[in-house]
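Here is a short set of exercises to work through with the model open beside you. Try each task on your own before reading the solution.

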Amino acid sequence: MSMLDVTGLNAHYGDSHILFDVALRVDRNEVVALLGRNGAGKSTMLKSLMGVVKPSSGSILFDGEQIAGRKSHTIARAGMQLVHEDRRIFGSLNVEENLVLAGLTAKGRWPLDRVYEIFPRLKERRTSRGTDLSGGEQQMLAIGRALVRDPKIILLDEPFEGLAPVIVQDLVRTCRELAMAGQTIILVEQNIAAALTLATRAYIINNGHIAHEGPTGE
Ligand code: ATP
Ligand code: MG
């Protein structure tokens, strides 16, 4: 059984129909890329999975459990984490407080040291406030906040956007380490080269329709 099995998923914003009959599956330990143009519906797809956008119809089986229509905090508790396009961290709290707070409500919880092992930069900046971090550091913190909750699956919405190539390299390496450690990931990314070095399978979404699905391997 796939970890995530989506069928017949439709989503609307008011009268606008955004996702059309989407089918998608993700197996355990898989990194799946979701690619497509601006406005194709990638973020809406991740938000629908996470319950931030309520799907108008369809089935979302997560670890055998029907989560379509559930609230996002319930879905989070079931083991899904979304790292949004706009890096959501607490600007007034420092790095360590951000991480501790994220872990508080989680069942599974990573020790902070494990996050700091993956992101040594965050350890150096542990007492810096969120607003004082660079874009790349904020992105690492947003991912760290998701990891600290030990999710079964992590949904990354354009994690490399706006980052210097050298930071992207670091983050790609980190994501690859996570994947090798068995972390299941859905990756939405405009940086196709980076996405394809990480993902074993990709979906292309076009105007809210899945246009293509296939392996990314050579
Ligand atoms: P990008 O690559 O630019 O992030 P995307 O593939 O993530 O694009 P979505 O954000 O899912 O695209 O948007 C899909 C469509 O839904 C777009 O036409 C967008 O304008 C519309 N849309 C997104 N959010 C809302 C909203 N809150 N209310 C109304 N329409 C929305
Ligand atoms: Mg988007």
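**Exercise 1. Decide whether strand 7 is enclosed or open to the outside, and check each of its faces.**

Solution. Keep in mind throughout that this is a predicted model.

Step 1: count the buried residues. A residue is buried if 20 or more other C-beta atoms lie within 10 Å of its own. In strand 7, five of the five residues are buried, so the strand is largely enclosed by the rest of the structure.

Step 2: split the strand by face. In a regular strand the side chains alternate between the two faces of the sheet. For strand 7, one side carries I153, L155 and D157, and the other carries I154 and L156. These residues are all buried, which leaves both faces covered.

**Exercise 2. Find the strands that pair with strand 7, then place them in their sheet.**

Solution.

Step 1: look towards strand 6. Strand 6 and strand 7 (residues 153–157) run parallel and are joined by four bridges. Q81 stands opposite I154, and L82 has L155 as its bridge partner.

Step 2: look towards strand 8. Strand 8 (residues 184–188) pairs with strand 7 in the parallel sense, over five bridges. Here D157 stands opposite V188.

Step 3: widen the view to the sheet. It is an open sheet of six strands in the order 6-7-8-3-9-10, and its pairing is mixed. Strand 6 (80–83) and strand 10 (209–215) are the edge strands, each pairing on one side only. Ignoring direction, neighbouring strands of this sheet are turned by 15 degrees against each other on average.

**Exercise 3. Which residues touch the most other members of the largest nonpolar core?**

Solution.

Step 1: pick out the best-connected members. The core has 65 residues, and V32, L34, L155, I186 and L187 touch the most other members. Its largest share, six residues, comes from helix 6 (residues 135–147).

Step 2: follow one of them. Setting aside neighbours within four places in sequence, I186 is in contact with V26, V32, L34, L46, I153 and L155.

**Exercise 4. Describe the shell around ligand 1 and say which element gives the most to it.**

Solution.

Step 1: list the shell. Around ligand 1 you will find Y13, S16, I18, G36, N38, G39, A40, G41, K42, S43 and T44.

Step 2: sort by element. Strand 2 (16–26) and helix 1 (42–50) are the elements that give two or more residues. Helix 1 gives the most, with three residues.

Step 3: sort by class. The shell has three nonpolar, seven polar and one charged residues.

Step 4: look at helix 1 itself. This helix is mostly covered, with nine of its nine residues buried. Among them are K42, S43 and T44, which also appear in the shell around ligand 1. Just after helix 1, G51 takes a positive phi of about 80 degrees.

**Exercise 5. Is I75 buried or exposed, and which residues does I75 touch?**

Solution.

Step 1: locate the residue. I75 is found in helix 2 (residues 72–77).

Step 2: apply the cut-off. I75 has 21 C-beta neighbours inside 10 Å, so it counts as buried.

Step 3: list the contacts. Not counting residues up to four places away in sequence, I75 touches M50, G51, I67, R70 and M80.

Step 4: compare sequence with space. I75 and F62 are 13 residues apart in sequence, and their C-alpha atoms are 9.0 Å apart.

How values were computed. Residues numbered from 1 in each chain as written. Chains lettered and ligands numbered in written order. Predicted model: local features only at pLDDT ≥ 70, side-chain atom pairs only at ≥ 80, totals over all residues. Near = placed C-beta within 6 Å. Nonpolar A, V, L, I, M, F, W, Y, C, P; charged D, E, K, R; others polar. Pairing = 2+ DSSP bridges. Axes fitted to C-alpha atoms, helices over the stretch in contact; angles between N-to-C directions. Buried ≥ 20, exposed ≤ 12 C-beta atoms within 10 Å, placed from the backbone. Core = buried A, V, L, I, M, F, W, Y, C linked by C-beta atoms within 7 Å. Contact = placed C-beta atoms within 7 Å.
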